[in-house]
Amino acid sequence: MEQIQYFEDYEIGSSRLTSGRTITETDFVVHAGHTGDFFPHHMDAEFMKTTPFGQRIAHGTLVFSVGVGLTASVVNPVAFSYGYDRLRFIKPVFIGDTIRTRTTIAAKEDDPKRPGSGRVIERCEVINQHGDVVLAADHIYVVERRDKPKQA
């Protein structure tokens with residue numbers, strides 16, 4: 001779905017929650033193939049039985065990718081992603097866990113490079129089926145201003 005939202009339209013504290021997605025063994029295998037990360041933490045069930053986790057844990061980058069992908073249900077044609085800050089893998093995700101993502105507008109600031117735009121910082125929290133935050137990151141958007149500054 002497309003929804004135009006200018007910098008001025010974002011409200012600090014507003015949030016949304018995505019639908020859920022269950023992580024599967026296929027996700028582990030495909031992600032390992034895409035990234036080359038075949039570490040035993042993700043791929044060796046017998047090894048992981050000997051660890052405090054007791055089972056394989058999802059790649060942090062897999063949880064990040066799926067968590068961010070879940071937020072991509074609304075396209076804003078006047079905004080683009082500038083990147084992510086403060087990415088943290090807080091708790092492990094296992095095969096069979098269902099994750100969803102809560103986004104909250106945490107801050108707005110001027111964009112020093114683009115006077116016709118501002119930066120919107122959206123806190124992303126990936127949450128498992130138990131309500132635990134398993135991953136957190138700040139997504140930075142560059143968003144056009146509705147009210148552009150006058151050119152000198």
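Helices (H or I, at least four residues) and strands (E, at least two) are DSSP runs, numbered from the N terminus. The model here is predicted, so local features need pLDDT of at least 70 and side-chain atom pairs count only at pLDDT 80 or more, while totals for chains, interfaces and linings use all residues. Residues are numbered from 1 along each chain as its sequence is written, and side-chain values use heavy atoms, leaving out hydrogens and water.

**Exercise 1. Get your bearings**

Work out the order of helices and strands along the protein chain, and say what share of its residues is buried.

Step 1: Count the elements. The protein chain has four helices and six strands.

Step 2: Put them in order. Along the sequence they read β-β-α-α-α-α-β-β-β-β.

Step 3: Check the dimensions. Along the principal axes, the C-alpha atoms of the protein chain fill a box of roughly 65 × 30 × 25 Å.

Step 4: Look at burial (buried means under 20% relative accessible area, exposed over 50%, partly exposed in between, with a 1.4 Å probe and protein chains only). Of the 152 residues in the protein chain, 38% are buried.

Step 5: See how far contacts reach in sequence (contact means heavy atoms within 4.5 Å). Take the contacts between residues at least 6 apart in sequence: 70% of them join residues at least 24 apart.

**Exercise 2. Find the cores**

Find which residues touch the most other members of the largest nonpolar core, then follow the core into the helices and strands.

Step 1: Fix the term. A nonpolar core is a set of buried Ala, Val, Leu, Ile, Met, Phe, Trp, Tyr and Cys residues joined through side-chain atoms within 4.5 Å.

Step 2: Pick out the hubs. The largest such core has 14 residues, and Ile23, Val63, Val93 and Ile99 touch the most other members.

Step 3: Trace the suppliers. α4 (60-70) and β6 are the elements that give two or more residues to this core, and α4 has the largest share, with five residues.

Step 4: Don't miss the other one. A second, separate core has seven residues, including Phe7, Tyr10, Ile105 and Val143.

Step 5: Zoom in on one hub. Beyond its neighbours within four places in sequence, isoleucine 23 is in contact with a set of residues that includes Phe28, Leu62, Val66, Val93 and Ile99.

Step 6: Go back to α4. Its buried residues are Gly60, Leu62, Val63, Phe64, Val66, Gly67 and Leu70. They are covered by elements that include β2 (21-22), α1, β3, β4, β5 and β6.

**Exercise 3. Sort three histidines**

Decide for histidine 42, histidine 31 and histidine 34 whether each is buried or exposed.

Step 1: Start with histidine 42, in helix α2 (residues 40-43). Its relative accessible area is 9%, so histidine 42 is buried.

Step 2: Check its surroundings. Not counting residues up to four places away in sequence, histidine 42 touches Phe28, Asp37, Arg56, Ile57, Ala58 and His59. A polar atom of the histidine 42 side chain lies 2.8 Å from the backbone oxygen of isoleucine 57.

Step 3: Move to histidine 31, in helix α1 (residues 25-35). Histidine 31 has 11% relative accessibility, so it counts as buried. Past four places in sequence, histidine 31 is in contact with His59, Thr61, Leu62 and Ser65.

Step 4: Finish with histidine 34, also found in α1. Its relative accessible area is 68%, so histidine 34 is exposed.

**Exercise 4. Two strand residues**

Say what is notable about the phi of arginine 86, and list what glutamate 144 touches.

Step 1: Arginine 86 is in strand β3. Its phi is near 55°, a positive value in a residue other than glycine.

Step 2: Compare with the usual case. Most residues other than glycine have a negative phi.

Step 3: Add accessibility. Arginine 86 counts as exposed, at 59% relative accessibility.

Step 4: Turn to glutamate 144, in strand β6. With a relative accessible area of 32%, glutamate 144 is partly exposed.

Step 5: List its contacts. Leaving out residues up to four places away in sequence, glutamate 144 touches Tyr6, Phe7, Glu8, Val78, Gly116 and Ser117.

Step 6: Take one distance. The C-alpha atoms of glutamate 144 and phenylalanine 38 are separated by 41 Å, and the two residues are 106 residues apart along the chain.

Notes: Polar contact = N/O pair within 3.5 Å; in protein donor to acceptor, adjacent residues only side chain to side chain.
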